[in-house]
Amino acid sequence: MISRFLSVEVIGTGTNLKAGAYMYKQIIVVRNDLKLSKGKLSVQVAHASIEAYKKIDEKIRKAWENEGAKKVVVKVDDLKQLLEIKKRCHEMGLPCALISDAGKTEIEPGTTTVLGIGPCKESDVDRITGKLKIL
């Protein structure tokens with residue numbers, strides 16, 4: 001399974017996958033106002049990805065994995081925007097996971113850092129996050 005992901009990463013939109021062929025994707029929304037270090041931000045994104053993944057149906061998991069497990073990281077200005085996106089996800093019934101930091105290194109304990117959404121249908125998640133800028 002890992003080699004499939006690696007080959008997709010190396011090939012990009014080559015022969016295995018056509019550009020725009022993804023039906024599912026996962027979105028990670030990060031707070032840009034926290035100005036986290038690259039390492040801290042990477043860990044928060046990883047937590048969000050895993051926790052959101054745990055919430056989806058096995059059938060969707062397999063479909064997403066077979067498509068190459070597309071993930072996109074986008075940014076919002078602050079906590080207010082992040083929570084608004086979470087609210088919209090709940091209203092649409094999209095699986096999501098809000099991550100708060102333990103506060104052992106860079107930020108205060110309980111600081112909400114990122115939101116993982118999906119994997120879910122691209123068309124659904126794009127209605128909420130499609131206009132956000134990529135990190």
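Guide: In this predicted model, a residue is called buried under 20% relative accessible area, exposed over 50%, and partly exposed in between.

Visitor: Is W64 buried or exposed?

Guide: The relative accessibility of W64 is 4%. The cut-off for burial is under 20%. W64 therefore counts as buried.

Visitor: How is the pair formed by the rings of Y53 and W64 to be classed?

Guide: A pair of aromatic rings is described by the distance of the centres and the angle of the planes. The structure holds one aromatic pair. Its members are Y53 and W64, with ring centres 5.7 Å apart and planes at 50°. Planes under 30 degrees apart would count as stacked and over 60 as edge-to-face, so this pair is tilted.

Visitor: Which helices does the pair of Y53 and W64 link?

Guide: Y53 and W64 are 11 residues apart and belong to distant parts of the chain. Y53 lies in residues 38–54 and W64 in residues 58–66. The two elements are helix α2 and helix α3.

Visitor: Which residue has its charged end over the ring of Y53?

Guide: Y53 is partly exposed, with a relative accessible area of 23%. A charged end sits over its ring, 4.7 Å from the ring centre. That charged end belongs to R61.

Visitor: Which residue in helix α5 forms a salt bridge with K25 at 3.7 Å, N to O?

Guide: K25 is in strand β1, residues 24–31, and its partner is in helix α5, residues 122–129. The two residues are 97 residues apart in the chain, and both are buried. The partner at 3.7 Å is E122.

Visitor: What is the N to O distance in the salt bridge of D126 and K25?

Guide: This bridge also links distant parts of the chain, with D126 in helix α5 and K25 in strand β1, 101 residues apart. D126 is partly exposed at 33% relative accessible area, whereas K25 is buried at 9%. The N to O distance of their salt bridge is 2.7 Å.

Visitor: Which partner does R31 have in a salt bridge?

Guide: R31 counts as buried at 12% relative accessibility. The partner is partly exposed, with a relative accessible area of 36%. The closest N and O atoms of the bridge are 2.7 Å apart, and the partner is D33.

Visitor: Which residues are joined into one network by salt bridges that share partners?

Guide: The model has seven salt bridges by the rule applied. Among them are the bridges of K25 with E122 and with D126. Salt bridges that share partners join into one network K25, K70, E122 and D126.

Notes: Residues are numbered from 1 along each chain as its sequence is written. This is a predicted model: local features need pLDDT of at least 70, side-chain atom pairs count only at pLDDT 80 or more; totals for chains, interfaces and linings use all residues. Side-chain values use heavy atoms; hydrogens and water are left out. Rings of Phe, Tyr and Trp (its six-membered ring) pair if their centres lie within 6.5 Å; planes under 30 degrees apart count as stacked, over 60 as edge-to-face and the rest as tilted. Helices (H or I, at least four residues) and strands (E, at least two) are DSSP runs, numbered from the N terminus. Buried means under 20% relative accessible area, exposed over 50%, partly exposed in between (1.4 Å probe, protein chains only). A charge sits over a ring if NZ of Lys or CZ of Arg is within 6 Å of the ring centre and within 35 degrees of the ring normal. A salt bridge is a side-chain nitrogen of Lys or Arg within 4 Å of a carboxyl oxygen of Asp or Glu.
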